[in-house]
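Take a moment with the sequence and the model below. The paragraphs that follow lead from a contact at the ligand to the barrel and then to some helices.

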Amino acid sequence: MKKVTISGLQALKTAATKITALTAYDASFAKMFDEQQIDVLLIGDSLGMVLQGQDDTLPVTVDEVAYHTRAVRRGTARAFVLADMPFMSYATPADTYQNAATLMAAGASMVKLEGGAWLSDTISGLVERGVPVCGHLGLTPQSVHVFGGFKVQGREESKANKLIEDALALEQAGAQLLVLECVPTALGKAITEALTIPVIGIGAGPCTDGQILVMHDMFGISANYMPKFSKNYLQETGDMRQAVQKYIEEVKSGAFPASSHSFE
Ligand code: KIV
């Protein structure tokens, strides 16, 4: 069993082998996903919605993400563990470094931040201090109130071009991974091809270097609604382990996401 590292994820991009990722929030699910050979486990601030029943991710705190990161880390032997920096936890350099340190000490191997080129100094400051960074562009849920809802981003040419510029700026600043959420398939492809770092998509079409789903959506048990970009693998297989296996197979083969899970 070889541990997944950021160089391993980079090698998967180079070899055009799709990266598989799921969110996880506790040791039992982390262990099960890890045993099925999921490459990346994200302790997402989606925990506010799927665990706590909040309307959005904004109320989630660093201590809550750290608590779930410790649990996921205990259940994980192989996968790469990525933790979300929650809303306003990277608003000032002092807060950023302190909060990133809390998540790394809890067991994260990388932290994820939502935002574009304006984050360049934050990212380079973290990387210089030994904290690997994953960017997050497109539908960044912490900005839901700026967007006026959970909406597909980058449909207009000017906004698509801005997202490409942002992606390049994040890579230039030192980000080593990018999550790209809810953008049209053509933009997902353009950003993936423009970057040398791996791009993991969610609702960004089939051309990204990998796919991530919120685990509750993949099992079809989310409390509120099922996003178009997700698929209920538990309904198809009737067994949690088989559901994860099928998700992995379909991501690796390119069968998921189909056009019905993607945006024009
Ligand atoms: O919080 C989360 O689960 C995420 C995924 C949607 C990528 O950021």
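A polar contact here is a pair of N or O atoms within 3.5 Å. Keep that cut-off in mind for the ligand. The model is a predicted one. In it, a polar side-chain atom of Lys-112 lies 2.8 Å from an oxygen atom of the ligand. Two acidic residues come next. The side chain of Asp-45 has an N or O atom 3.1 Å from an oxygen atom of the ligand. For Asp-84, the distance from an N or O atom of the side chain to an oxygen atom of the ligand is 3.1 Å.

Which residues surround the ligand? They are Thr-23, Leu-42, Gly-44, Asp-45, Ser-46, Asp-84, Lys-112, His-136, Val-179, Glu-181, Ile-202 and Val-214.

Now turn to the barrel. Eight strands close into it, and their pairing is parallel. The order is β1-β2-β3-β4-β5-β6-β7-β8. On average, neighbouring strands of this sheet are turned by 25° against each other, direction ignored.

Start with β1, residues 19-23. One of its partners is β8, residues 210-213. The two pair in the parallel sense, over four bridges. Ala-21 has Ile-212 as its bridge partner in β8. Helix α12, residues 240-253, packs on the sheet and touches both β1 and β8. The direction of α12 makes about 140° with that of β1.

Strand β1 also runs parallel to β2, residues 40-43, and three bridges join them. Here Thr-23 is matched with Leu-42 as its bridge partner in β2. Both residues were named above, among those that surround the ligand.

Is β1 enclosed or open? Five of its five residues are buried, so β1 is largely enclosed by the rest of the structure. Ile-19, Ala-21 and Thr-23 point one way from the strand. Thr-20 and Leu-22 point the other way.

Another helix lies on the strands further along. Helix α5, residues 93-106, lies across β3 (80-84) and β4 (110-114). It runs at about 140° to β4.

Helix α9, residues 185-194, shows two faces. Its buried residues are Thr-185, Leu-187, Gly-188, Ile-191 and Thr-192. These cover an arc of only 165° around the axis, which puts them on the same side of α9. What covers them? The cover includes α1 (6-14), α8 (157-173), β6 (177-181) and β7 (199-202). The face turned away from this buried side carries the exposed residues Ala-186 and Glu-193.

Thr-192 leads on to a loop residue, Asp-209, which touches it. Asp-209 is found between β7 and β8. Is Asp-209 buried or exposed? Buried means under 20% relative accessible area. Asp-209 has 11% relative accessibility, so it counts as buried. Leaving aside residues up to four places away in sequence, its contacts include Lys-13, Thr-17, Lys-18 and Ile-19. Ile-197, Pro-198 and Val-199 are also among them.

The last stop is Ala-169, in helix α8. At 18% relative accessibility, Ala-169 counts as buried too. It touches Ala-117 and Ser-120, again not counting residues up to four places away in sequence. Where does Gly-116 lie relative to Ala-169? The two are 53 residues apart in sequence, and their C-alpha atoms are 7.4 Å apart in space.

Methods: Residues are numbered from 1 along each chain as its sequence is written. This is a predicted model: local features need pLDDT of at least 70, side-chain atom pairs count only at pLDDT 80 or more; totals for chains, interfaces and linings use all residues. Side-chain values use heavy atoms; hydrogens and water are left out. Two strands pair if DSSP finds at least two bridges between them. Axes are lines fitted to C-alpha atoms, for helices over the stretch in contact, and angles run from 0 to 180 degrees between N-to-C directions. Contact means heavy atoms within 4.5 Å. Buried means under 20% relative accessible area, exposed over 50%, partly exposed in between (1.4 Å probe, protein chains only). The arc is that of the directions from the helix axis to the C-beta atoms. A residue is near a molecule or strand if one of its heavy atoms lies within 4 Å of it. A polar contact is a pair of N or O atoms within 3.5 Å; within protein, one must be able to donate a hydrogen and the other to accept it, and residues adjacent in sequence count only if both atoms are side-chain atoms.
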